[in-house]
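Trainee: Before we use this model at the bench, I would like to understand how its helix contacts are named. Could you take me through the reasoning?

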Amino acid sequence: MKKILILITLIIHCLTFSQTATKSQENRSNMITSYVIEKLELNKENADFFRKVHLFQIVDNALKIKESNATSAEEKRVIYRKGYENLKAKLSEKMGNKKSLAILRTANEARTKQ
């Protein structure tokens, strides 16, 4: 289990550095993750992990939209849904299903409060 987590962390680091986030993406991610971390009182390890995977997912979604030339809301929705499922899987693996669902619900709450 530890080997899998280390491998996932290394992959995330590699992918994060290969795809540079824009200032806008970083700001959006920081706003959402700060809200979630504060509201759910995540420990430092979980908070750092959530920050990394959330920013990665935002950047990855934008890259996939650009690569596929998705213009309609439906095309983008498919990409965002896959990204959400990917984020959910990563969080569930690290923190368990119950905690990951609480994080994702709180992240959606943060998005609607903007």
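Mentor: We will go through two helix contacts and then the aromatic rings, bearing in mind that this is a predicted model.

Trainee: Why is α2 called oblique to α5?

Mentor: The axes of helix α2 (residues 23-40) and helix α5 (residues 97-112) come within 9 Å and cross at roughly 125 degrees. Angles of 65 to 115 count as roughly perpendicular and those over 145 as roughly antiparallel, with the rest oblique from 35 degrees up, and therefore α2 is oblique to α5. The crossing of α2 and α5 is right-handed.

Trainee: Which residues of α2 and α5 make the contact, and how do they divide by class?

Mentor: On the α2 side the contact includes R28, M31, I32 and Y35, and on the α5 side A102, I103, T106 and A107 are among the residues involved. By class, the contact holds nine nonpolar, one polar and four charged residues.

Trainee: What makes α4 oblique to α5?

Mentor: Helix α4 (residues 73-95) packs on α5 at an angle of about 135 degrees, with the axes 7 Å apart. Roughly antiparallel would require an angle over 145, so α4 is likewise classed as oblique to α5. The crossing of α4 and α5 is right-handed, and Y84, L87 and K88 are among the α4 residues that meet α5.

Trainee: How do you know that the charged end of K94 sits over the ring of F49?

Mentor: The charged end of K94 is 5.6 Å from the centre of the F49 ring, and the distance limit is 6 Å, with a further condition of 35 degrees from the ring normal. As for aromatic pairs, the structure holds zero.

Conventions. Residues are numbered from 1 along each chain as its sequence is written. This is a predicted model: local features need pLDDT of at least 70, side-chain atom pairs count only at pLDDT 80 or more; totals for chains, interfaces and linings use all residues. Side-chain values use heavy atoms; hydrogens and water are left out. Axes are lines fitted to C-alpha atoms, for helices over the stretch in contact, and angles run from 0 to 180 degrees between N-to-C directions. Helices (H or I, at least four residues) and strands (E, at least two) are DSSP runs, numbered from the N terminus. A crossing is left-handed if the near helix is turned anticlockwise from the far one by less than a right angle, and right-handed if clockwise. Contact means heavy atoms within 4.5 Å. Ala, Val, Leu, Ile, Met, Phe, Trp, Tyr, Cys and Pro count as nonpolar, Asp, Glu, Lys and Arg as charged, and the others, Gly among them, as polar. Rings of Phe, Tyr and Trp (its six-membered ring) pair if their centres lie within 6.5 Å; planes under 30 degrees apart count as stacked, over 60 as edge-to-face and the rest as tilted.
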